[in-house]
Structures are given as C-alpha cells and as structure tokens.
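Here is a short report for a first look at this structure. It takes the chains in turn, then the places where they meet. Keep the sequence and the 3D view at hand.

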Amino acid sequence: MSASMSRVDDQPLLVVSDLQVEFRTSDGVAKVLNGVSYHVDAGETMAVLGESGSGKSVTAQTIMGILDTPPAHVTGGSVRFHGEDLLTVSPERRREVRGSGIAMIFQDALSALNPVFTIGFQIAEQLRLRQGMTRREARRRTIELLDLVRIPHAARRVDEYPHEFSGGMRQRAMIAMSLALDPEVLIADEPTTALDVTVQAQIMDLLKEIQDERQMGLILITHDLGVVAEVADRIAVMYAGRIVEEADARSLYRRPAHPYTEALLDSIPRLDLKGQQLRTIRGTPPSLLNVPPGCPFHPRCPRAAEPCRTTLPTRVALGVGRASACHFAEEVVSRG
Amino acid sequence: MTEPTDAISSTTSRGAYAAATTEGRQRGLWSDAWRNLRRQPTFLISAGLILLVLVMAAFPQLFTSVDPTYGDLSRQRQLPSVDAWFGYDNQGADIYARVIYGTRASVVVGVLATAGTVLIGSTLGILAGYYGGWLDALMSRVADVFFGLPFVLGAIVILTTLNAPGSTPGPVRIVAQVVLSIALLSWPVAMRIMRAAVISAKQNDYVKAARALGASSRRIIFRHLLPNCLAPVLVYATIALGAFIGVEATLSFLGLGLRSPVVSWGVMISDARDYVRIAPHLLLFPAGFLTMTVLAFVMLGDAVREALDPKLR
Amino acid sequence: MAEPILSVRNLVKHFPLRVGVVFKRVVGHVRAVDGVSFDLHRGETLGVVGESGCGKSTLAQVLMRLEPPTSGAVTFEGRNIFDMRGAELRRLRRDIQIVLQDPYTSLNPRMTVGDIVGEPFEIHPEVAPKASRRQRVQELLDVVGLNPEHINRYPHQFSGGQRQRIGIARALALRPKVIICDEPVSALDVSIQAQVMNLLGELQTEFGLSYVFIAHDLSVVRHLSDRVAVMYLGKIAEIGTETSIYEHPTHPYTQALLSAVPVPDPELRGRREVIRLSGDVPSPVDPPSGCRFRTRCWKATDLCAEQEPPLTLRLDGSDADREHPSACHFAEPRPHVVA
C-alpha cells in the first residue's frame with residue numbers, strides 16, 4: 001500500500017507490506033511487528049527511525065531472512081524484491097538473493113566478522129563460492145573492493161585479521177564485503193552507532209558516495225535523528241512494532257505529523273541550540289508482551305484523548321508520501 | 001533485542017509489593033529465595049527425598065531389622081520375594097538390608113567429598129579471581145599440578161601412603177581418608193569454575209560502583225561476587241556428587257576404600273557387575289537408590305539456582 | 001574566583017602493556033591519561049568530551065580513586081586525594097560519587113532496589129541510623145522519580161532509564177558534593193535521555209552538586225555543561241566556557257569534531273561546512289611526537305612534530321568569551337563551525 005504513494009505503474013525495487021512477526025517466548029507471545037509496510041527505490045535512502053524494541057532491526061532481519069526461528073515467526077505480509085515475494089520462495093532462491101540482491105551491514109563490525117579468518121579471506125570466499133571466481137581473481141577483486149572503501153594499503157591489509165583493524169576500518173571492510181556481490185539494496189543497521197563522530201562522518205560519506213555511484217537502494221536503520229537528517233530521502237518512524245509516521249525528510253523535521261515524532265524532536269539536545277528546554281517524553285516504551293490497548297503511544301502522549309485509549313489509529317494519508325497513524329494527525333501536522 | 005521483562009506493570013505484583021511495604025519489611029535476595037523455594041514443588045520433592053536418605057543413613061535400623069552382613073549361600077542370588085523385598089546377593093545376604101545400611105557410607109562420602117571440593121575450590125577460586133596477579137598465577141599453577149594427576153592413581157598413592165599395607169583402619173577413618181583424597185584431587189575443577197565466574201563478574205560496573213562507595217573486599221566478595229558466581233559451581237556440585245559416590249566404589253573395588261563388613265552402594269554395584277545378566281536385581285536396587293539420590297540433589301541444585309536468580313523466579 | 005572544589009594537576013595514568021603467560025614482560029605503556037589539569041568549581045558542570053580512546057573514562061576512574069595514578073595530583077577541598085588513607089578516604093567516598101554508563105551492568109542483578117540504594121548506608125553506617133535507612137532509601141527513590149514502593153523489586157523489572165535513576169539514587173545517597181558522570185545517558189534510548197538529563201540538572205540545583213560530565217556526545221555535553229574540556233589521546237586539546245568552545249573553538253580538533261556532528265535539521269543539509277578528518281585516532285601506546293593531533297590535522301607543519309603545544313591562552317586582545325586555553329600552535333577561530 002505504501003508502494004502506491006510514489007509509484008503507481010512500475011514496481012519499486014523492494015516493497016515490504018503488512019509484515020507481521022511475533023516472538024514466541026516462555027513469557028508469552030510478543031507481537032514484534034504489526035503490519036509494517038515500506039518500500040525503497042533504486043538510488044534512494046529510506047531511513048527507518050526507532051528506539052530499541054521498536055522493531056526496526058527485526059524488519060531488516062525479516063527482509064534478509066536471517067531471523068532466528070524460533071522464537072521469531074513471520075505470521076503475515078510479504079517482502080517483494082523486483083515483484084518476487086521472498087517470504088514464499090525456496091530457501092535456495094532466498095540464499096541467492098541474499099548478498100547479490102540485498103546485502104546488510106551491522107552495527108558491530110567486530111562481531112560480524114569472523115576473528116579467525118583474514119579480512120581478505122572472508123570477502124574472497126563469497127566471490128569464489130557465489131561468483132565462481134578463482135582464488136587469484138577473487139583476491140584481485142577483494143583488493144579492489146577494499147580500495148573502493150578507501151582502506152589504505154589495501155594490497156597489504158587484505159591479509160590482516162579483523163582485530164588488527166580499527167573500528168572505522170572494520171566498518172569499511174564490512175561495507176566492502178557487503179558490496180562484493182553488487183547488491184541492489186543495502187540495509188545498514190545502525191552502521192555508525194558504535195563509531196566516533198569524526199569516523200561516523202567518514203562512513204556516512206562513503207555510503208552516500210557508493211550509493212550514488214551504483215544507484216543502490218539504501219535502507220538506513222538508526223535511532224540517531226542527526227544522521228537521518230543528513231542523508232535520508234524518506235523516513236519511516238517506528239514505535240512498538242508499527243510505522244507511526246512516514247514522510248520525506250524535510251516535512252518530517254519541519255512539521256511532524258505524529259506526537260511521538262514531535263516529542264522525539266523536542267527531546268534531543270542540539271549542538272547548534274544552547275539552553276533550549278528539553279521536553280521529555282514521560283514513561284518508557286511499552287513491553288511488547290503487554291502493549292497498551294488503543295494507540296500504543298497513548299500512555300506517553302501529551303495529546304492523548306478518549307479514542308486513543310480504546311481505538312487503534314489507522315494510517316491517515318496527509319498528501320503525497322506522507323502518512324501518520326494518529327487520530328489527531330491533521331491537528332498535529334498543522335500545529336504551526 | 002526486545003526486552004520482555006522491561007516495564008512490567010501488572011496489577012497483581014503491584015498489590016503484592018504494597019502489601020509487603022505496609023508490613024514494613026524490606027526484603028533481600030536470600031529471604032526472597034527462601035520464600036520462593038518454599039513454594040516450589042521441585043524443591044519440596046527433592047528436599048523430602050534427601051531428608052529420607054539422610055534418615056536412612058543415620059538410623060538404618062528404623063528401616064530393617066535384618067543384619068546386612070549375614071549371608072547364607074543357600075539363598076545365593078535369589079529373586080525378590082516377600083521375605084526379602086529386593087532378593088539376595090551373591091553371598092546370600094539380604095539386598096534390601098544392605099542397600100539401607102549402604103546408604104550411610106555412600107551419602108557421607110558423596111556429600112562430604114562434594115562439600116570439601118566445593119569449599120576448597122570456591123574459596124581458592126574467589127581469591128584467585130578477585131585478587132588476580134601473582135596470587136592467581138601461583139594458585140592456578142598449583143591447581144594445574146593437581147589437575148594433571150590421574151584421579152585413581154592419585155587416590156591410590158594417597159590411600160596407600162596413609163595406610164600401611166596389611167593394616168585394617170576403622171570405617172570412620174577410611175571414610176575420612178576417601179573423602180580427603182577425593183576433595184584433594186578434585187578441587188581444581190571447582191576452583192577453575194569459580195575463578196572464571198568471578199573474573200567475569202568482577203568486570204561488571206556494579207563492582208566498580210561498590211568500590212566507589214568504599215566497600216571492603218569482604219563486602220564485594222560476599223554481597224556482590226558470591227551470589228552472582230554460585231550458579232555454575234552449584235551445577236558442578238550436583239554432578240560431582242553422583243560421580244564421587246561412584247569413585248568410592250572404584251576405590252573399594254581396588255581394595256583401598258571401604259571393606260567388609262562396611263557396606264556401601266558403590267561396593268554393591270561393583271560386586272554385582274559379573275552377574276548383571278543372570279541376576280540383574282543385584283545391580284538394579286543399589287543403582288536405583290544411587291540414581292534417586294543423585295537426582296534429588298540435582299533437582300535441589302536446580303531449584304536453589306533458580307531461586308537465587310531473580311530473573312528466573 | 002572562589003576556590004575550586006576539585007583541582008586536577010598534571011594527572012598521568014599509564015597502563016603497562018604486558019605479554020607472556022607466566023612471566024609477563026612489559027612491552028610498552030598505554031598512555032591513557034597523559035598530563036591533564038583542570039579545576040572544577042562549586043555548583044558547576046565541567047563537560048569532558050572526546051572520542052573513544054581519548055582517556056576520558058580512565059580519567060573518571062582515577063578521579064574516583066578506583067585506579068592509582070602514575071603521577072600527578074587531584075586536590076579535593078585543599079587535600080590531595082591520593083594522600084588520603086583510612087577514615088579520610090572513607091570521608092572522600094561520601095563526597096565524591098560516580099554515575100556509570102551502562103544501566104544493565106551497574107546494578108547487581110541479585111540485589112533488590114532497596115539493597116542497592118541502601119548499600120551506601122551499610123558501608124557508611126554513621127550517615128543514617130539503621131532504623132531510618134528504609135525511609136531514606138524511599139525518599140531517594142522519590143527524589144529520582146521512582147515509585148518508593150518498588151523497594152523490593154529487582155533491577156531486571158525496570159527499564160533502562162529507570163535503572164539509570166536507581167544508579168543516580170545510589171550515587172546521591174551519601175549527599176556527595178561532586179558527582180562524576182561517566183557517559184550517563186549514552187546507553188539510553190533517545191526518548192529517555194532527556195528525562196535523565198533533566199533529572200541531573202534538577203538534582204544539581206537542589207543539592208548544589210558539582211558535576212564532571214564525561215560523554216562522547218557533544219550535543220549532550222553542551223546542553224548540561226558550564227565549561228567544557230575537549231580531550232584527544234590523553235591530553236586536553238582545548239578548555240573553556242561552553243560558549244567559547246562551541247561558538248569560538250580555536251583548536252583544529254575541536255573544530256573538526258563539532259563540524260562532524262550531524263544536526264537534526266534537513267534544511268541545513270549540504271549547507272554546513274564539514275571538516276573531514278582522515279584516518280583514525282592513533283594508538284595511545286605510541287602517540288605521535290609533538291602535537292598528538294598532527295597526523296590528522298590539516299594545519300600541521302614541522303613545528304607540530306617537534307614541539308608539543310602547551311595548553312595556554314592563545315588569543316590576545318579579544319573579548320572574554322573567545323579567550324580560553326587551547327593546545328595548538330596555530331590556534332585561531334574559524335567562522336561558522338556550528339551551523
């Protein structure tokens with residue numbers, strides 16, 4: 001359904017629609033995703049913004065097909081890549097798409113890389129297995145890739161182990177690895193959270209550049225409102241397993257249409273504003289085992305009224321590419 | 001990823017806390033653990049079983065009036081009957097009476113050897129893990145030396161050194177010696193487990209916070225490290241208990257442990273080994289009691305471990 | 001100006017780097033903190049910012065006397081804390097407290113909240129008689145915005161933000177004068193950070209606390225600090241009032257750091273000038289000679305490799321806001337660092 005907003009005739013590259021995922025634990029069933037839909041086009045950066053437990057990473061893992069089952073179970077929805085539903089294809093086809101169609105980079109590059117193999121071996125292995133390259137070809141291509149992500153002395157460092165790389169270099173190596181099979185969509189799950197600001201800027205630049213060059217679709221998963229503001233074309237805000245607001249970057253920051261987004265923007269300290277009063281959001285994100293009835297945000301929402309406590313708000317479309325799941329979306333967006 | 005335990009706000013638990021506060025009592029880990037244990041069926045069943053075994057060990061005459069050492073070869077390996085519920089063994093002695101009288105030696109060896117191993121091992125493990133440095137290096141190397149000794153060989157050396165060949169030490173003395181040799185040879189395992197647990201627990205920020213408050217080493221060890229490091233040692237202890245009862249049998253079989261007329265389950269099991277096919281009841285009954293006892297201790301250990309972990313309660 | 005409550009002089013902390021299993025050899029030193037000096041005044045917040053490996057967390061440990069210093073002095077109310085022993089040291093523990101970063105590991109999972117917040121009173125029984133402790137604990141929970149009835153709950157029953165409040169209540173129990181906050185909000189969700197920051201601000205006013213606020217997030221530090229010290233590889237690169245550091249930084253590192261922080265405003269995208277530093281922070285085991293920042297600095301000359309720039313006042317004749325110590329041979333303001 002979100003696909004219809006920007007494109008009508010031709011399919012977007014990757015469309016997630018009405019995704020439902022639950023975690024079956026001994027404490028009960030946690031509905032981690034409750035009908036999540038978004039899409040990403042070639043050359044576009046889609047930012048998924050949310051706090052821990054909002055389901056932003058679970059969505060990414062569902063797209064990649066790397067959820068741990070059990071406890072996670074996909075109970076509904078589809079993930080269409082070039083129109084093909086990845087949730088129903090054979091495991092072989094799924095593996096084929098993984099890496100060459102959709103690739104992913106993680107927050108913690110140190111644990112995402114295997115410590116007992118060299119960086120070069122880990123990248124080259126994929127090239128040999130998936131693209132049938134010879135050892136020599138794979139090595140040459142690996143050095144090219146490390147060069148591409150601007151690892152200095154790539155020809156030498158290709159034989160080093162992950163622990164010999166600094167945090168920023170490891171993240172670069174992981175980006176190189178994810179690019180090895182020329183993916184059309186790259187999912188970056190908190191790619192710079194573990195990095196220092198100066199290195200973060202380098203990595204975001206690199207991602208942006210590579211994306212422009214290859215016209216890759218980029219799904220950027222993060223909690224950092226600053227990073228999103230710098231790179232995102234469109235933004236989906238997630239809360240308690242739902243997308244509560246969807247908008248292009250400028251509109252979302254200028255006139256948020258959901259009280260959660262609004263409160264989030266008011267609650268972060270800004271480098272360029274001194275002494276602004278931070279508005280706090282009361283309470284804590286809900287436990288997914290025990291989501292409040294009605295709108296899941298209502299216990300923390302300053303605008304909560306009667307319908308919020310009882311009725312789950314539906315998506316309200318607010319012009320091209322904008323939507324908000326709030327009973328009072330129009331009021332919020334027009335607050336001035 | 002998701003934290004299901006977060007933000008619990010069920011009304012029932014809130015009511016319970018309100019009740020506790022009006023009572024005016026502040027609870028702690030141990031009292032909470034005890035309250036939890038008293039309501040746990042696994043704990044009640046295992047504690048009941050262990051109590052029964054202990055009574056059997058202390059007062060065997062309450063359970064049987066038959067002399068366990070009296071053998072009559074005419075009833076050799078007879079099957080269970082009304083006269084002898086568990087049948088007769090190779091010497092024609094009553095198996096039921098022997099199992100009952102065998103409890104004492106087995107349980108005493110098992111429990112004391114486990115207690116000794118865990119006490120020595122955990123104490124040294126905590127000290128090595130907490131203080132580190134040369135103390136850790138020294139103790140770890142000493143532990144390695146003991147660890148390197150083959151168990152049975154080590155026990156043979158210890159027991160033959162303590163008892164001159166041909167001498168017949170009394171049952172109390174021999175049990176003490178067996179317990180001692182087991183504890184002496186197995187404490188390194190408990191020490192390693194405890195040391196590893198302490199080293200990882202010590203890194204936690206709550207230890208740092210306690211030090212910043214000026215807490216003494218004693219307080220950090222007893223309040224912070226011990227409760228958080230007990231679980232793996234408890235698991236090891238429950239497994240070790242069964243193994244140690246078996247070790248006692250091995251030593252008896254080698255003529256170094258208990259000898260007639262003292263009976264133990266281990267001795268009975270090793271006596272039965274040649275007759276498993278023709279008279280399985282010789283093995284079945286002592287082995288069954290041994291299994292039940294070990295199971296009871298394993299259950300007890302699990303229940304205590306869970307009670308001490310607020311997340312599992 | 002009034003006498004500082006805490007003053008740090010030439011503080012050095014080197015960790016020996018050892019190799020070998022049984023016989024360990026020292027092969028070098030991690031120069032975590034390498035000559036740091038600053039003053040903390042009563043009722044003020046001194047922010048300490050820097051990237052990972054700059055030594056800010058080690059600084060916290062040494063200030064708390066959790067690690068012995070290699071050299072240098074820290075004076076609290078006129079006495080060097082490293083000379084304190086016995087009763088005097090115990091007294092110091094009451095005066096300086098710490099709030100740690102990770103709310104998940106900073107609370108003992110097997111202690112009730114009542115025991116955690118009450119532990120300071122058990123260690124320092126003279127502060128509160130046994131009979132009143134329970135009430136004191138409940139008051140503390142109330143002060144940090146938790147339900148005092150939750151005294152018998154365990155840490156895992158609370159969310160990250162609530163746990164951080166428990167940690168703050170514990171630090172507050174002995175009525176300290178100085179609290180060292182080591183990244184107190186960086187492990188929290190964005191929607192929770194503001195709550196904890198506001199709480200720290202309120203407590204400061206209420207109890208007249210002085211904070212050393214250590215963080216890597218420059219926006220958070222700006223929001224809470226009166227003065228700010230920027231650290232790089234174990235040294236202070238620049239120190240001054242919040243305005244002078246954020247509006248008129250003169251050290252290239254501070255300038256680069258500030259320009260790299262993403263601003264949550266898409267309108268400014270592409271309009272801000274971001275200084276791109278090349279490479280990573282060098283290893284603190286073998287820091288560059290002279291100025292430690294020179295390997296990544298666009299202004300570096302031979303002078304920077306030869307002579308270490310001292311942290312002194314660099315601008316003369318300009319207004320007070322701009323005048324602050326900076327450790328750069330070529331310190332100069334740069335317009336529009338922060339958009």
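Chain C has 339 residues, and a compact globule with that many would have a radius of gyration near 20 Å; the value for chain C is 21 Å, so the two agree. The model is predicted. Along its principal axes, the C-alpha trace of chain C spans about 65 × 60 × 45 Å. Its secondary structure comes to 10 helices and 12 strands.

Chain A can be read in the same way. For its 336 residues, a compact globule would have a radius of gyration near 20 Å; chain A has 21 Å, which agrees. The table sets out the values for each chain.

| Chain | Helices and strands | C-alpha extent along the principal axes | Buried residues | Contacts 6 or more apart that join residues 24 or more apart |
|---|---|---|---|---|
| Chain A | 14 helices, 12 strands | roughly 65 × 50 × 45 Å | 52% of 336 residues | 63% |
| Chain C | 10 helices, 12 strands | about 65 × 60 × 45 Å | 54% of 339 residues | 65% |

**Two domains in chain C**

Chain C is divided into domain 1 (6-225) and domain 2 (250-339). The C-alpha centres of these domains of chain C lie 29 Å apart. Where they touch, 10 residues of domain 1 of chain C are in contact with seven residues of domain 2 of chain C. On the domain 1 side, β2 (25-40) and α7 (218-224) of chain C each give two or more residues. β2(C) gives the most, with five residues. By class, the domain 1 side has four nonpolar, four polar and two charged residues.

**Helix α6 of chain C**

Helix α6 of chain C runs over residues 190-207. How far apart are its end C-alpha atoms? They are 26 Å apart; at 1.5 Å a residue, its 18 residues should span 26 Å, so the helix agrees with that expectation. Several of its residues are buried, including Ser191(C), Ile192(C), Val196(C), Met197(C) and Leu200(C). The buried residues of α6(C) pack against elements of two chains. From chain A comes α12 (259-267). From chain C come α5 (160-172), β7 (178-182) and α7. Just after α6(C), Gly208(C) takes a positive phi of about 60 degrees.

**Helix α9 of chain C**

Helix α9 of chain C covers residues 252-260. How many of its nine residues are buried? Nine of the nine are, and the helix is mostly covered. The buried residues run from Pro252(C) and Tyr253(C) through to Ser259(C) and Ala260(C). What covers them includes α9 of chain A. On the chain C side, the cover includes α7, β9 (227-232), β10 (235-241) and α8 (242-247). α7(C) is also among the elements that the buried residues of α6(C) pack against.

**Where the chains meet**

The contact between chain A and chain C takes 35 residues from chain A and 37 residues from chain C. On the chain A side, at least two residues each come from α8 (167-179), α9 (197-214), α10 (225-231), α11 (249-254) and α12. That side of chain A divides into 17 nonpolar, 10 polar and eight charged residues.

Chain C also touches chain B. This contact takes 33 residues from chain C and 31 residues from chain B. On the chain C side, α2 (86-95), β6 (96-99) and α3 (113-123) each supply at least two residues. The largest share of that side, five residues, comes from α3(C). By class, the side of chain C that touches chain B has 12 nonpolar, 11 polar and 10 charged residues.

**The largest nonpolar core**

The largest nonpolar core has 286 residues. Which residues have the most contacts inside it? They are Ile187(A), Ile219(A) and Val230(C). Helix α4 (residues 95-131) of chain B gives the most to this core, with 16 residues. The core also draws at least three residues from each of domain 1 and domain 2 of chain C.

Ile187(A) shows the packing in detail. Leaving aside its neighbours within four places in sequence, Ile187(A) is in contact with Ala60(A), Ile63(A), Met64(A), Ile102(A), Met104(A), Ile219(A) and Ile221(A).

Definitions and conventions: Residues numbered from 1 in each chain as written. Chains lettered and ligands numbered in written order. Predicted model: local features only at pLDDT ≥ 70, side-chain atom pairs only at ≥ 80, totals over all residues. Helix = DSSP H or I, 4+ residues; strand = E, 2+ residues; numbered from the N terminus. Rg over C-alpha atoms; globule rule 2.2 N^0.38 Å. Buried ≥ 20, exposed ≤ 12 C-beta atoms within 10 Å, placed from the backbone. Domains from an automatic or database assignment. Nonpolar A, V, L, I, M, F, W, Y, C, P; charged D, E, K, R; others polar. Expected span 1.5 Å × (residues − 1). Core = buried A, V, L, I, M, F, W, Y, C linked by C-beta atoms within 7 Å.
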